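Here are a few exercises to work through with the model open. Try each one yourself before reading the solution.

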Amino acid sequence: MLTSTKNPLVKQLRSLGETAKDRKEHGLFLVEGTHALTEAIATAYPLSIVCCTEKWMISNPELYARIEASVEEIDRLEIVSEEVIQAIATTKNPDGAIAAAWLPSRETAKIQTFGLALETVQDPGNIGAIVRSAVAVGIDGILVSSDSVDLTNPKIIRATAGQWFRCAMQTSTHLAADIRQLQEQGIKVIATLAHAEKTYWDYDFTQPTLILLGNEGNGLSAELIELADEAVAIPQSDRVESLNVAVCASLLLYEAKRQRR
């Protein structure tokens, strides 16, 4: 059992929860908690290191058995003390299991009929909530601008409730160019604007569509607004300045699901 919080492994794993630079340097990101680890195993996502306490191992015999069965694909499986888990975790009350997964490949999220593009979204909780709704609706994938919060931020993965592993996502260094490419493939691009004449109820979501959602404070850039084929608004009371971007995403996604049922 690994008990020393000064072990080099602890230092390495702790750094994965701190900065995107550290994650990129190691080629790994943190997967914290039973729920996220269960989804990673269920989707056969490649893991490098798995750490768990003896108490967790006894409480989760089926999941631990599945991890042991995958041990040939995992570089390291360690039973560790509660203190070690606490030293690694980014949460105050870790539940006894933490893993390091390989960073996702750079393959394009293949959007063919329905997708999202997020521009400069900074709150990891918002992206996590959007991912959960996107998986629930069943979209093809999500493009995320490179100036948004890093997709492997531990807060995003927690906020997705494990659904991170079921959503095709890609960080786009040239979001406008990627959107133009999708337009050339016949996908209609719609911008979400507070004062658009058409509401999202009036848009035909049965056609191949990419929804654009912008920054929490400033919305979409002028470049993406100009690029969009259409703009839609979400009707709301004059007493409300705006809706949360994750709420907007859910409303649009579920209207699309209603139309496509």
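**Exercise 1: a salt bridge between helices**

In this predicted model, Arg 180 and Glu 223 pair up through their side chains as a salt bridge, with 3.9 Å from N to O. Work out which helices the pair ties together.

*Solution.* Start with Glu 223, which sits in helix α10 (residues 222–227), then find Arg 180 in helix α9 (residues 175–184); the bridge therefore ties together parts that are 43 residues apart in sequence. Next, check accessibility: Glu 223 is partly exposed at 46%, and Arg 180 is partly exposed at 38%.

**Exercise 2: buried or exposed?**

Take the salt bridge between Glu 39 and Arg 166, 2.5 Å from N to O. Classify each partner by its relative accessible area.

*Solution.* Buried means under 20%. Glu 39 has 12%, so it is buried. Arg 166 has 43%, so it counts as partly exposed. Now place them: Glu 39 belongs to helix α3 (residues 34–42), while Arg 166 is in the loop between α8 (154–159) and β7 (169–172), 127 residues away along the chain.

**Exercise 3: into the core**

Find the largest nonpolar core and say which helix gives the most to it.

*Solution.* This core has 54 residues, and Leu 37, Leu 116 and Ile 142 are among those with the most contacts inside it. Helix α11 (residues 245–260) gives the most, with 7 residues. Another core lies apart from it, with 17 residues, including Leu 30 and Ile 85. Finally, zoom in on Ile 142: beyond its neighbours within four places in sequence, its contacts include Ala 109, Leu 118, Cys 167 and Met 169.

Key
Residues numbered from 1 in each chain as written. Predicted model: local features only at pLDDT ≥ 70, side-chain atom pairs only at ≥ 80, totals over all residues. Heavy atoms only, no water. Core = buried A, V, L, I, M, F, W, Y, C linked by side-chain atoms within 4.5 Å. Buried < 20%, exposed > 50% of the residue type's maximum accessible area, 1.4 Å probe, protein only. Helix = DSSP H or I, 4+ residues; strand = E, 2+ residues; numbered from the N terminus. Contact = heavy atoms within 4.5 Å. Salt bridge = Lys/Arg side-chain N within 4 Å of Asp/Glu carboxyl O.
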